[in-house]
Every structure is written in C-alpha cells, then in structure tokens.
Amino acid sequence: GHSMGAAICLLLADQAAARVKSLTLVGPAGLGQTINRDFIGGFIAATDRERLQSAMRLLFASESFLTPQLLEHTLRYKRTEGVNEALAKIAGSRFRGTSSGGQLRDVVGRVPNLIIWGAQDAIMPPPDPAAFAGDNVQFHVLPGSGHMVQFEAAAEVNRLIDAFLG
C-alpha cells in the first residue's frame, strides 16, 4: 500500500538521510490530507467478493481496472493467515510519522522529490500542489486516475519517473 511505502520513505529519509538522493512518492499518506476511513474499514471487513468489490471500487477512477482476477487475488491475499490482523493494526496506528516525530511533509523538498497523484483519488484526495512548490519538488496530478494511478496511467507514471531519475 501507499501508506506503507510512504512510511518506509520517511523512515529512510529520517534515519539514513545521507543515503537518500531523491524521493518518488505516488499518492502517499502523510502529507497532511485525510484518509478515507470508509475505504479502510470496508476493505478490512470485506470477507466476500461483493463487499470487497464495493470497497475496492474506490481505488480506481475507471472500473475496468477492477478485474475478476484482481478481486480473486486480493481475496486470497486477505485470507492468508495474519494479513487481516496486520491490516487492522496498520489502520489503527494511522500515519504518525517516526519516533522522533518526523512527518513526510517535513522531508519533501530536502532532496529532489517527484510526487504523482491521481486527480480522482477517492482514498486520499490530492493536496494543493502549490503547498509543496519549490526548486526540489515536481508535483503531478494526473487527470482520469484514482488512487491506483500507477495502474490507470502506467505509461505516464513510468515516463515521469524515467525523466525524473534521468
């Protein structure tokens, strides 16, 4: 998930700052925006295909990406021992930052940052890119994409990352 990836980025930037040359963040938690609690609760509680489908619908701007294979794969993953407990624990902890109180938004711009967001993200709507404007920050909000922008706009996301990493 994005929030886990963001948490790992934050931890590295906080504890191994000298080794972090740049950050690429895709719809990350921790930039001060609210997370859709209905999605989190619904996703964790879903035990059958119908309930899972209604929760996962929120991930995409276009339902065509929510394939029967993806649903089946996710259902199997959720039925793996320990997975639901771990998801509930992550959801319960929210996104508090590091033990030293560091937050992802404090790290943005310290090193070159690429931030990519889906304009129709129903899980965490994109923050105002102007709030993160700076020489070290490229912020792209891609139209027609939801929270899973890396699926829905894969070619554009890959192009932006390639260009950013040079």
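In the predicted model, a polar side-chain atom of Glu 152 lies 2.8 Å from the backbone nitrogen of Ser 62. Glu 152 belongs to helix H7, which spans residues 149-152, whereas Ser 64, which makes a side-chain polar contact of 2.8 Å with the side chain of Ser 62, is found in the loop between H3 and H4. Glu 152 is buried and yet takes part in no salt bridge, the nearest side chain of opposite charge being that of Arg 57, at a distance of 12 Å. When residues up to four places away in sequence are left aside, the residues touched by Glu 152 are Leu 59, Phe 60, Ala 61, Ser 62 and Phe 65, together with Gly 144, Ser 145 and Gly 146. In contrast to the buried Glu 152, Ser 64 counts as exposed, because its relative accessibility of 55% lies over the 50% cut-off. The C-alpha atom of Ser 64 is separated by 22 Å from that of Lys 78, a residue 14 places away along the chain.

A second acidic residue without a salt bridge is Asp 121, which is likewise buried and for which the nearest side chain of opposite charge, that of Arg 37, is 14 Å away. Asp 121 is located in the loop that runs between strand E2 (113-118) and strand E3 (137-142). Two polar partners of its side chain can be named: the side chain of Trp 117, with which Asp 121 makes a polar contact of 3.1 Å, and the backbone nitrogen of Met 124, which lies 2.8 Å from a polar atom of the Asp 121 side chain. Outside the window of four places in sequence, Asp 121 touches Pro 126, Ser 145, Gly 146 and His 147. Ser 145 and Gly 146 thus appear among the contacts of Asp 121 and also among those of Glu 152.

Turning to the charged pairs that do meet, the count of salt bridges comes to three. In one of them, the side chains of Glu 72 and Arg 49 approach to 2.3 Å, taken from N to O. This pair links distant parts of the chain, since Glu 72 lies in helix H4 (residues 68-78) and Arg 49 in helix H3 (residues 49-56), with their positions 23 residues apart. Both partners count as partly exposed, Glu 72 because its relative accessibility is 26% and Arg 49 because its relative accessibility is 30%. Another salt bridge joins Arg 57 to Glu 63, with 3.2 Å between the closest N and O atoms; Arg 57, the residue already named as the nearest opposite charge to Glu 152, is partly exposed, with a relative accessible area of 37%.

The pair formed by Glu 156 and Arg 159 also makes a salt bridge, in which the closest N and O atoms are 3.0 Å apart. Because these two residues stand three places apart in helix H8 (residues 154-165), they are separated by about one helical turn. In an α-helix there are 3.6 residues a turn, so residues three or four places apart point the same way. Glu 156 is partly exposed at a relative accessible area of 30%, and Arg 159 also falls in the partly exposed class, at 46% relative accessibility.

In helix H2 (residues 37-45), the buried residues include Phe 39, Ile 40, Phe 43 and Ile 44. These four cover an arc of only 120° around the axis, which puts them on the same side of H2. At the start of H2, a side-chain oxygen of Asn 36 reaches to within 2.9 Å of the backbone nitrogen of Asp 38.

For the chain as a whole, the secondary structure comprises eight helices and three strands, arranged from the N terminus in the order α-β-α-α-α-α-α-β-β-α-α. The radius of gyration is 16 Å, close to the 15 Å given by the globule rule for 166 residues, so the chain is as compact as a globular protein of that length. Along the principal axes, the C-alpha atoms fill a box of roughly 45 × 35 × 25 Å. Of the 166 residues, 39% count as buried. Among contacts between residues at least 6 apart in sequence, 68% join residues that are at least 24 apart.

Key:
Residues numbered from 1 in each chain as written. Predicted model: local features only at pLDDT ≥ 70, side-chain atom pairs only at ≥ 80, totals over all residues. Heavy atoms only, no water. Buried < 20%, exposed > 50% of the residue type's maximum accessible area, 1.4 Å probe, protein only. Lys, Arg positive; Asp, Glu negative; His and termini not counted. Salt bridge = Lys/Arg side-chain N within 4 Å of Asp/Glu carboxyl O. Polar contact = N/O pair within 3.5 Å; in protein donor to acceptor, adjacent residues only side chain to side chain. Contact = heavy atoms within 4.5 Å. Arc of directions from axis to C-beta. Rg over C-alpha atoms; globule rule 2.2 N^0.38 Å.
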